[in-house]
Amino acid sequence: MRQPLIAGNWKMNGSKADSTDLLNGIKAGVADIVRSEVAVCPPFPYLYLTEQLLAGTLIRYGAQDVSREPGGAFTGQVSASMLKDFGCTYAIVGHSERRLFNGETNATVARKFAEALSTGLVPILCVGETLEEREQGKTEEVVASHLDAVIEHCGVDGLGRGVIAYEPVWAIGTGVTATPEQAQDVHAFLRQRIAAKSGDVASAIRILYGGSMKPSNAEELIRKPDIDGGLIGGAALKAADFLAICRAGDAATA
Ligand code: PGA
């Protein structure tokens, strides 16, 4: 069985003080979470603090983005090896907010995925359609294009060293969550598409759901056979809510 992963995506929120409180709050409540893997992705400037506060715990952490370049004259970028240096396990790549506001293409995202892998980071590849695309019946076409770009660049075994997060854009930060059935349909589609290349990778890879996941809907979503946890935005900013989602991950796989 795939171990559920509950990963908090803090986005561009909080201060040093807020991050300290949130990390301490998660640390204080994590002892009774036995099945789910717990991870947080704070903003870059707080990764050092995260490394210090989470030392000696089982809570993993990562970054919300990574450069596609290994290093050098790339002002403002942060390399995968720097993230490794601060003890990161994960790097989110291809979040829809980066595709939208930073013009990231499938090709860029695939290079970021590869760069993360090359240093031993685990990339979390975000895929997902907009409301317009869903209404036009293009959901599968869009998520397939996000997925295929990485498979073409890194191979299916490369993909298998990462995690996927299905995040319908219309559900992110809107309070509108995909129904468990809607999410399961897309997760199953992604897994089948991977299975066409490798059954082993398809059965092992974790596919998280993201988009207004919260304590009240997490367990029902994670109970679906192809949903292996969550990438949590807003609800990851309160320790109690985030921990409740982690416990839902445990309950769903009990
Ligand atoms: P949300 O964000 O939980 O606030 O909808 C999820 C995400 O964008 O990763």
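Student: Let's start with Arg 247. Which side chain does Arg 247 meet in a salt bridge?

Tutor: The general idea goes like this: side chains of opposite charge can pair when their charged atoms come close. In this predicted model, the partner of Arg 247 is Asp 32, with an N to O distance of 4.0 Å. The two come from distant parts of the chain, 215 residues apart. Arg 247 belongs to helix α11 (residues 239-252), while Asp 32 sits in the loop between α1 (16-29) and β2 (37-41).

Student: Are Arg 247 and Asp 32 buried or exposed?

Tutor: Each falls into the middle class. Arg 247 has a relative accessible area of 36%, so it is partly exposed. Asp 32 comes out at 46%, so it is partly exposed as well.

Student: How many salt bridges does a search of the whole structure find?

Tutor: The search turns up 17. One group of them is a network linking Arg 2, Arg 191, Asp 226 and Asp 228.

Student: Now for Glu 104. Which residues form salt bridges with Glu 104?

Tutor: When you read a charged residue, check whether it has several partners. Glu 104 pairs with Arg 98, their closest N and O atoms being 2.7 Å apart. Glu 104 also pairs with Lys 112, where the closest N and O atoms are likewise 2.7 Å apart. Then look at accessibility. Glu 104 counts as buried because its relative accessibility is 9%, and Lys 112 is buried too, at 6%. Arg 98, at 24%, is partly exposed.

Student: What about Glu 115: which side chain of opposite charge is nearest to it, and how far away is that one?

Tutor: That's Arg 111, at 7.1 Å. A salt bridge needs a nitrogen-oxygen distance within 4 Å, and Glu 115, though buried, has none. Glu 115 is part of helix α5.

Student: What is Glu 115 in contact with, leaving aside its neighbours within four places in sequence?

Tutor: The list is Ser 67, Arg 68, Glu 69, Pro 70 and Ala 80. For a contrast in the α5 helix, try Ser 118, which also lies there. Ser 118 has 54% relative accessibility, so it counts as exposed. Its C-alpha atom is 24 Å from that of Lys 11, and the two residues are 107 apart along the chain.

Student: Let's move on to pockets. How much space lies in the largest pocket, and which residues are closest to its centre?

Tutor: Start with the volume, then ask who lines the space. Here the volume is about 580 Å³. There are 24 lining residues, and those closest to the centre are Phe 44, Gln 64, Asp 65, Arg 98 and Asn 102. You've met Arg 98 already, as a salt-bridge partner of Glu 104.

Student: Which helices each supply at least two residues of that lining?

Tutor: α4 (96-101) and α5 (106-119) do. α4 gives the largest share, three residues. Sorted by class, the lining has nine nonpolar, eight polar and seven charged residues.

Student: Next, backbone angles. What is notable about phi of Lys 11?

Tutor: Here's the background: most residues other than glycine have a negative phi, and most peptide bonds are trans. Lys 11 isn't glycine, yet its phi is positive, near 55°. You'll find Lys 11 in the loop between β1 (5-9) and α1. Ser 212 tells a similar story, with a positive phi near 55°. It sits in the loop between β7 (207-210) and α10 (218-222). Ser 212 is buried, because its relative accessible area is 16%.

Student: One more residue. Where is Ile 172, and what is it in contact with beyond its neighbours within four places in sequence?

Tutor: Ile 172 lies in the loop between β6 (163-166) and α8 (180-195). A contact list shows which parts of the chain come together around a residue. For Ile 172, the list is Lys 11, His 95, Ser 96, Glu 97, Glu 167 and Gly 211. So Ile 172 touches Lys 11, and its relative accessible area of 15% makes it buried.

Student: How far apart are the C-alpha atoms of Ile 172 and Leu 243?

Tutor: They are separated by 20 Å, with the residues 71 apart along the chain.

Conventions
Residues are numbered from 1 along each chain as its sequence is written. This is a predicted model: local features need pLDDT of at least 70, side-chain atom pairs count only at pLDDT 80 or more; totals for chains, interfaces and linings use all residues. Side-chain values use heavy atoms; hydrogens and water are left out. On a 1 Å grid over the protein atoms alone, a cavity is a set of points where a 1.4 Å probe fits but cannot get out, and a pocket is an open set with protein on both sides within 12 Å along at least five of seven lines; lining residues have an atom within 4 Å of a point. Grid points are joined across faces, edges and corners, and a volume is the space filled by probe spheres set on the points. Ala, Val, Leu, Ile, Met, Phe, Trp, Tyr, Cys and Pro count as nonpolar, Asp, Glu, Lys and Arg as charged, and the others, Gly among them, as polar. Buried means under 20% relative accessible area, exposed over 50%, partly exposed in between (1.4 Å probe, protein chains only). Lys and Arg count as positive and Asp and Glu as negative; His and the chain ends are not counted. Contact means heavy atoms within 4.5 Å.
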